[in-house]
Amino acid sequence: MDITTGCVFEAKLKSGGDSIAGGGRYDHVIGSFTGRTIRQSDFSLGIERILNILKEKDYVQKIICNYFVASTGDELKLTAIKIAEALRAEGKNVETDVMGRNFSNQMKYANNIGAEKVVIVGQKEIKMEKSS
């Protein structure tokens, strides 16, 4: 608070809790670097706090991931992408790994995003498809 030179404000919800925004006058901050007085005011928003409040109040629409297409190895990534594209063509909300995660981390990610179903693309699954 030593750097403020005028009005300081903080915004909170009526229901209380942490502040979600704040700001004020800070006329001497830039001057401490430039050697001259430059009047300024500033404010900031607590984006994470605001998003958490919106989620708690169920104001944020949850995106439903119908399918997550996971591959068991790098050699199957292209097949996984083709399967994801085919599902999207049917109007499904589909994600697949583009980060190079290993299979275990792909499954964790699918769980984190709330995927309704996981399509596993592995050598066994490819062989079963070819034999049927």
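1. The side chains of R101 and D97 meet in a salt bridge, with N and O 2.9 Å apart. This is read from a predicted model, and the comments below should be taken in that light. R101 is partly exposed, its relative accessible area being 25%, whereas D97, at 5% relative accessibility, counts as buried.

2. D97 also takes part in a salt bridge with K77, where the closest N and O atoms are 3.1 Å apart. Because K77 belongs to helix α3 (residues 77-89) and D97 to the loop between β5 (94-96) and α4 (103-112), this pair ties together parts that are 20 residues apart in sequence. K77 counts as buried, with a relative accessibility of 17%. Taken together, K77, D97 and R101 are linked in a network of salt bridges. As general background, side chains of opposite charge can pair when their charged atoms come close.

3. How many salt bridges does a search of the whole structure find? The search finds three. Besides the pairs already described, D27 forms a salt bridge with R25, and here the closest N and O atoms are 2.6 Å apart. D27 counts as buried at 12% relative accessibility, while R25 is partly exposed, with a relative accessible area of 29%.

4. The loop between β5 and α4 deserves a further remark, since V98 lies in this loop. Is V98 buried or exposed? With a relative accessible area of 70%, V98 is exposed. V98 and K77 are 21 residues apart in sequence, and their C-alpha atoms are 8.7 Å apart in space.

5. Turning to the sheet, three strands form an open arrangement in the order β5-β4-β6, and their pairing is parallel. The edges are taken by β5 and β6 (117-121), each of which has a single partner strand, so one side of each is left without a neighbour in the sheet. Neighbouring strands of this sheet are turned against each other by 20 degrees on average, with direction ignored.

6. Within this sheet, strand β4 (residues 67-71) is joined by five bridges to β6, and the two strands run parallel. One of the residues concerned is Y67, whose bridge partner in β6 is K117. In general terms, strands of a sheet pair through backbone hydrogen bonds, either parallel or antiparallel.

7. Which strands does α3 touch as it packs on the sheet? Helix α3 touches β4, β5 and β6, and its direction makes about 170 degrees with that of β5. Helix α4 likewise lies across β4, β5 and β6, running at about 175 degrees to β4. A reader tracing the charged network back to this part of the model may recall that K77 lies in helix α3, and that D97 lies in the loop between β5 and α4.

8. A last point concerns the surface, where F9, F43, L45, I47 and L51 form a nonpolar patch with about 500 Å² of accessible area together. The elements that give two or more residues to this patch are β3 (41-45) and α2 (47-56). Among the patch residues, I47 lies in helix α2.

How values were computed
Residues numbered from 1 in each chain as written. Predicted model: local features only at pLDDT ≥ 70, side-chain atom pairs only at ≥ 80, totals over all residues. Heavy atoms only, no water. Patch = residues over 30% accessible without salt bridge, like charges linked within 9 Å, V, L, I, M, F, W, Y side chains within 5 Å. Areas by Shrake-Rupley, 256 points an atom, 1.4 Å probe, with all protein chains shown as cover. Salt bridge = Lys/Arg side-chain N within 4 Å of Asp/Glu carboxyl O. Helix = DSSP H or I, 4+ residues; strand = E, 2+ residues; numbered from the N terminus. Buried < 20%, exposed > 50% of the residue type's maximum accessible area, 1.4 Å probe, protein only. Pairing = 2+ DSSP bridges. Axes fitted to C-alpha atoms, helices over the stretch in contact; angles between N-to-C directions. Contact = heavy atoms within 4.5 Å.
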